[in-house]
Amino acid sequence: MKAVSIKEHGGPEVLEWVEVEDPAPGPGEVVVEVVASALNRADVMQRRGLYPLRPGWSPYPGLEVSGRIGAVGEGVTGWKAGDEVCALLTGGGYAQKVAVPAGQLLTVPRGVGLVEAAGLPEATATVWSNLVMTAGLKAGETLLVHGGAGGVGTTAIQVAKALGARVVTTVGGPEKAARARGLGADAAIDYRTEDFAGHGPYDVILDVVGGDYLERNVRSLAADGRLVVIGLQKGLEGRLDLAEIVFKRASVHGTTLRTRSKEDKAEIVARVRENVWPMIENGVVKPIVDRTLPMAEAAEGHRLMEAGGHLGKILLVNDENA
């Protein structure tokens, strides 16, 4: 089979479409013949050498796929060859085939195409696990979503509105602000010209930015507010005012899906299947796809993501499997 390999750490040009060994399903796993994968910021960090791999992780990027089951490993029940699925991965999605623990598989929601389903697992699992399972977002609360134009951001806006929250988001530019409002955001702030603190206080903040946003995030929290940091686009360090946390009874969480155990991921996937899939099938939450590219052109996808002009997911398609 072929996969996108990172020949060395660097710019998008280091991504190569090369022949590699086919995966085989281990106990409790299936092999998915990949129709499409989706880009995530973690893929860019991995390419740059800023996301060290753990033993057992795939060296190929790609945290989610859609496709058809090609082989079923020992002990797997409820799935068979030919089933159309999408899946949450630890890596390896930029390929023609990938082995996946069966607990991380999802059926393709009714009304969603097989290609566009590739952009659902990572975003929906990230949003539900962080907004609901970690932060406990409730109806009537105010949520601030940083990066409302990305895959996670566009999903978070829709899911939070479905839960009855007031949603504020930050985006780059008036066109993205208009699109975010179209997805249900009550307010969309152009971070280039306006401070998000003026629209608070916020009960929950979902932060994909990190860095110097930390201090302003904490300052913008309401009493008993919860900040969940899931991205580090602006760096690894920020100032933390402990008095703000103590007197507000605030909490700060740092989470990532990728380093969780397969048991934890299976639990999150089960919650997504139970709670988010009905939202998608009822049309309350829609997958937002910016564009599709051939998987062999993954480097171009990375250039587009880093340029920041996209809205929603950039998908990579295996034409031979589609």
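Which residue in E13 is the bridge partner of Arg226? In this predicted model, the answer is Ser251, and the pairing is best followed by starting from the strand that carries Arg226.

Arg226 belongs to strand E12, which spans residues 221-229. Of the 9 residues in this strand, 7 are buried, that is, under 20% relative accessible area; strand E12 is therefore largely enclosed by the rest of the structure.

Strand E12 pairs with two other strands, E11 and E13. Strand E11, formed by residues 202-207, runs parallel to E12, and 5 bridges join the two. Within this pairing, Val204 stands opposite Arg226. The chain passes from E11 to E12 by way of helix H5 (residues 213-220), and the resulting β-α-β crossover is right-handed. Strand E13, comprising residues 251-254, is also parallel to E12, with 4 bridges between them. Arg226 thus has Val204 opposite it in the one pairing and Ser251 as its bridge partner in the other.

Attention may now turn to the second largest pocket. The space within this pocket amounts to about 630 Å³. Its lining consists of 34 residues, and those nearest the centre are Glu29, Gly56, Ser58, Thr90 and Ala99. Two elements, strand E6 (97-101) and helix H7 (262-281), each supply two or more residues to this lining. Strand E6 makes the greatest contribution, with 4 residues. In chemical character, the lining of the second largest pocket comprises 16 nonpolar, 10 polar and 8 charged residues.

Note on methods. Residues numbered from 1 in each chain as written. Predicted model: local features only at pLDDT ≥ 70, side-chain atom pairs only at ≥ 80, totals over all residues. Heavy atoms only, no water. 1 Å grid on protein atoms, 1.4 Å probe; cavity = no way out; pocket = protein on both sides within 12 Å on 5 of 7 lines; lining within 4 Å. Points joined across faces, edges and corners; volume = space filled by probe spheres on them. Nonpolar A, V, L, I, M, F, W, Y, C, P; charged D, E, K, R; others polar. Buried < 20%, exposed > 50% of the residue type's maximum accessible area, 1.4 Å probe, protein only. Pairing = 2+ DSSP bridges. Right-handed = clockwise from strand over helix to strand, strands pointing away.
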